Amino acid sequence: MSSRSTRAGGYALVETMVTIVVIAFGLLGVAGLVSRSFVTEAEATQRTRAALLLQDMVTRIEANRANAVQYVTGDAGITGYETVNSTKSLLNCDPAAPLVERDRCEWGRLIAGVEERIQGETASVLLGGIGCVYELDAFNRVYAISVAWQGPSVAADAIVNDNFAPTNCGRDLYGTEAQRRIVTTLLRIGTLNPPVGAGG
C-alpha cells in the first residue's frame, strides 16, 4: 500500500512540474506580447506626432507661398536646437524676425518637443527628431517635407538610399539605419489666378 501511495505521489509531483512548465511558457509568451505592444504603441505615437509636424509645415508654407523656396533646408534640416560654445540649447524664436525665419524656428521647437514636457523638461516623442524641406521641382513648385527620428526598436526593413532626396533626412544620425524612421509628404504650390475682372 505504501509503494502505491509513493508512486501516486510521484505522478502527482511530475504532473505538477509539467503544469508549472506549461504555465511558465504561457506567461513568457504573454510577457513578450505585452512588451511588443508597448513598442508598437510607441511607434504609432511617434508616427502620429511626425504626421502632425508635416501638416504644420505644409500649412506654414501654404500661408507664405510667395516665399516657399526660402523654407528649403536640404539634408541639414531643422532640429530646434542650436549649439553655441559647445553648449546645445533650445532655439529662441525672435517674434520680430521675418516670417520664414519665425516659421522655421517655431517648427524646430515643435520637433524638439517644447509642447511635450516631463517634470518641466522638454521631452520630445521623437528621439533625435529632425525636419527637412526639399525643393523637388522648381518650375512646378513641388516640395517635399520630411521628418526623421530614432525609432524605439530595430526595424527589419531599413530605409535604403533610392536617390529620392527626402529619404536622406536624418541619414547617419542614429547609429544604424534600421533605427531611423521617416515620414514624408509632398506639397505643390499652385499658381493662383487673379480674380475675374482684376487687372487690365
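Reader: How many helices and strands are there in the protein?

Author: The model is predicted. Read along the sequence, its elements follow the pattern α-β-β-α-β-β-β-β-β. The protein thus contains two helices and seven strands.

Reader: What percentage of the residues in the protein are buried?

Author: A residue counts as buried when its relative accessible area is under 20%. The protein has 200 residues, and the buried share is 32%.

Reader: Which residue forms a salt bridge with R60 at 2.6 Å between the closest N and O atoms?

Author: Side chains of opposite charge can pair when their charged atoms come close. In helix α1, a residue four positions away from R60 is separated from R60 by about one helical turn. That residue is partly exposed, with a relative accessible area of 22%. The partner at 2.6 Å is D56.

Reader: Is R60 buried or exposed?

Author: The cut-off for a buried residue is under 20% relative accessible area. R60 has a relative accessible area of 14%, and therefore R60 is buried.

Reader: How many residues apart are R60 and D103?

Author: R60 forms a salt bridge with D103, in which the closest N and O atoms are 3.0 Å apart. This pair links distant parts of the chain, with R60 in helix α1 and D103 in helix α2, and the separation is 43 residues.

Reader: Which residues are joined with R60 into one network by salt bridges that share partners?

Author: R60 also forms a salt bridge with E106, the closest N and O atoms lying 2.9 Å apart. This pair, too, links distant parts of the chain, from helix α1 to helix α2, across 46 residues. E106 counts as partly exposed at 32% relative accessibility. Through shared partners, the residues joined with R60 are D56, D103 and E106.

Reader: Which element supplies the largest share of the lining of the largest pocket?

Author: About 200 Å³ of space lies in this pocket. Its lining includes Y81, E82 and T83, as well as I111 and A112. Two elements, α2 (99-112) and β1 (81-84), each supply at least two lining residues. The largest share, three residues, comes from β1.

Reader: How many residues of the lining of the largest pocket are charged?

Author: Among the lining residues are E82 and K88. The lining divides into four nonpolar residues and five polar residues, while the charged residues number two.

Reader: Which residues make the nonpolar surface patch of about 270 Å²?

Author: One member of the patch lies in helix α1, which spans residues 2-63. The patch of about 270 Å² is made by V14, V18 and V22.

Note on methods
Residues are numbered from 1 along each chain as its sequence is written. This is a predicted model: local features need pLDDT of at least 70, side-chain atom pairs count only at pLDDT 80 or more; totals for chains, interfaces and linings use all residues. Side-chain values use heavy atoms; hydrogens and water are left out. On a 1 Å grid over the protein atoms alone, a cavity is a set of points where a 1.4 Å probe fits but cannot get out, and a pocket is an open set with protein on both sides within 12 Å along at least five of seven lines; lining residues have an atom within 4 Å of a point. Grid points are joined across faces, edges and corners, and a volume is the space filled by probe spheres set on the points. Ala, Val, Leu, Ile, Met, Phe, Trp, Tyr, Cys and Pro count as nonpolar, Asp, Glu, Lys and Arg as charged, and the others, Gly among them, as polar. Patches are made of residues with over 30% relative accessible area and no salt bridge: like charges are joined within 9 Å, nonpolar side chains (Val, Leu, Ile, Met, Phe, Trp, Tyr) within 5 Å. Accessible areas come from the Shrake-Rupley method with a 1.4 Å probe; for residues, only the protein chains shown count as cover. A salt bridge is a side-chain nitrogen of Lys or Arg within 4 Å of a carboxyl oxygen of Asp or Glu. Buried means under 20% relative accessible area, exposed over 50%, partly exposed in between (1.4 Å probe, protein chains only).
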